Amino acid sequence: MKDYTNSLGLIPALGSVTLITMPSVLLLKIIFVTVISILLPVASSLLTHNFIISAILGLLLAIVSSFLVFFFLKPLQDLIKAAQSLESKSKDEIENLERQRDGAIAEKSKLDEILSTLVDGVVALDFNKNIVLLNKAAEEITGYTQAEMVNRPIEELVHIFYDQEEITPKTYCQSSLNQIAKLIGKDGKESKINLSTAQRDGGVQTNVFCILIMHDIAKEEELEKMKLDFVSMASHELRTPLTSIIGYLSVFLNENKGKIDQSELDLLEKSLTASQQLLILVQNLLSVNKIEREQMSVSTQPIDYLPVVTKAIEDLKDLAVQKNIILNFNPPSNLPKIMADPIRIPEVITNLIANSINYTNPGGKVEVSLQVSPNEVTTVILDNGVGIPKEAIPYLFNKFFRVSNQTQQASKGTGLGLYISKSIVEKLGGKIWVESEVGAGSKFYFTLPLAERKSEGAINNKTFTGHEIQAGALNY
């Protein structure tokens, strides 16, 4: 059947829409009406020679013909109206599609702009592990351009390694991943990244199965190294003049105690004390620097622990007297030798006892005791000071951590003592922890192995990994 709609140029063909077609019978009706309209007037003029009758017959024939034409051509009129209506709807649909296309383009431009501002590399993979999207940061990390990566399998371009073993897309796309890895990109370019992956829920509609987020940590490590270098250099440069100042002040005070006024003597003694505190800070910064670089070394050997603890307590008695605090020590009757560094372990004891004295109110009490077990000795420092809030205890050994405690009159310390103490104790094969309650005081513990444990390999002098060190603070 022939389609007259397109031949009339009324309606464009759109997709699978079936247009109204003109039946063949309609064409026969048009021919029939046309013939009748022509032949009947001619026949009437031949059948009669009366002008009036011919006129009347012609008028009737014209009316009948007009009626027949209107009647038979009405389907054609309906067809034209339908075609015009369909054409109008088609224009609306086309305009709607154009609006949707413009909206999609705008959304894509917005997404591209957002991705371009991210400092982390973002790569999206489809269900076949082909790259469908990446941002500028991902190009910088991998060394490839977007044109080189899109619609290509990621395993052909990028190789990711963890502990010398390559991780395949099947592995990091099947489960959420968050770990440090090495990425090898274009022309063997290596990058150290923190790789995070996640599956895309509802990705069937968008054809996105897995998203990779790459955080380049090489620059951060370089910056951290520069910071450690600066701290080390500055600390070394400060320590030399401070040592000289302390030495000169000590000599002057010893030689002139009876020659100067008491007020002048007090000023000199305060200057000496401030210089000594500053030197301790510098030494702590150097110790932290060594810990961060994993360069802190300890020399473990069997030592008599009781004299070490006794001397540390004697050195702090003046501080306790100044604050009107009772400092007690309850030594055990028989204390075996322990494995420790004779230089480092007094630093730990001094830090913890001084910590308790500083945060115990005048008239308070600090007690030191030793507990012996078959494998280790536990040192306990108990005070009835201001205490530590429960929520702060998990962070107490973090570097530079300082507890905000309303019961404390002033902020004390540098936030490094507990961090250093924990690092030393753990490297000696022991452990350190605290129990505390606000207003009721604190109880610090640390353990050291007995000397006979050395043969069991409990202490590793060469191993001191960063994740085993938790940071801390001298104050709380």
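In this short talk I will go through one disulfide and one pair of helices. Please keep in mind throughout that we are looking at a predicted model.

Let me begin with the disulfide. For those new to the term, a disulfide is a covalent bond between the sulfur atoms of two cysteines. This structure holds one disulfide, and the cysteines that form it are Cys173 and Cys210, with their sulfur atoms 2.4 Å apart. If you look for the two partners along the chain, you will find Cys173 in helix H6, which covers residues 169-174, and Cys210 in strand S7, which covers residues 210-216, so that the pair, 37 residues apart, links distant parts of the chain. The link between Cys173 and Cys210 is left-handed, with -90° about the S-S bond. Are these two cysteines, Cys173 and Cys210, buried or exposed? Both Cys173 and Cys210 are buried.

Now please turn to the helices, H10 at residues 305-315 and H12 at residues 344-358, whose axes come within 9 Å and cross at roughly 40°. That angle makes H10 oblique to H12, and the crossing in which H10 passes H12 is right-handed.

Which residues meet where H10 and H12 come into contact? From H10 there are Tyr305, Val308, Val309, Ala312 and Ile313, and these meet Ile345, Pro346, Ile349, Thr350 and Ile353 in H12. When we sort the residues of this contact between H10 and H12 by character, we count nine nonpolar, one polar and no charged.

Conventions: Residues are numbered from 1 along each chain as its sequence is written. This is a predicted model: local features need pLDDT of at least 70, side-chain atom pairs count only at pLDDT 80 or more; totals for chains, interfaces and linings use all residues. Side-chain values use heavy atoms; hydrogens and water are left out. Axes are lines fitted to C-alpha atoms, for helices over the stretch in contact, and angles run from 0 to 180 degrees between N-to-C directions. Helices (H or I, at least four residues) and strands (E, at least two) are DSSP runs, numbered from the N terminus. Angles under 35 degrees count as roughly parallel, over 145 as roughly antiparallel, 65 to 115 as roughly perpendicular and the rest as oblique. A crossing is left-handed if the near helix is turned anticlockwise from the far one by less than a right angle, and right-handed if clockwise. Contact means heavy atoms within 4.5 Å. Ala, Val, Leu, Ile, Met, Phe, Trp, Tyr, Cys and Pro count as nonpolar, Asp, Glu, Lys and Arg as charged, and the others, Gly among them, as polar. A disulfide is a pair of cysteine sulfur atoms within 2.5 Å. Buried means under 20% relative accessible area, exposed over 50%, partly exposed in between (1.4 Å probe, protein chains only).
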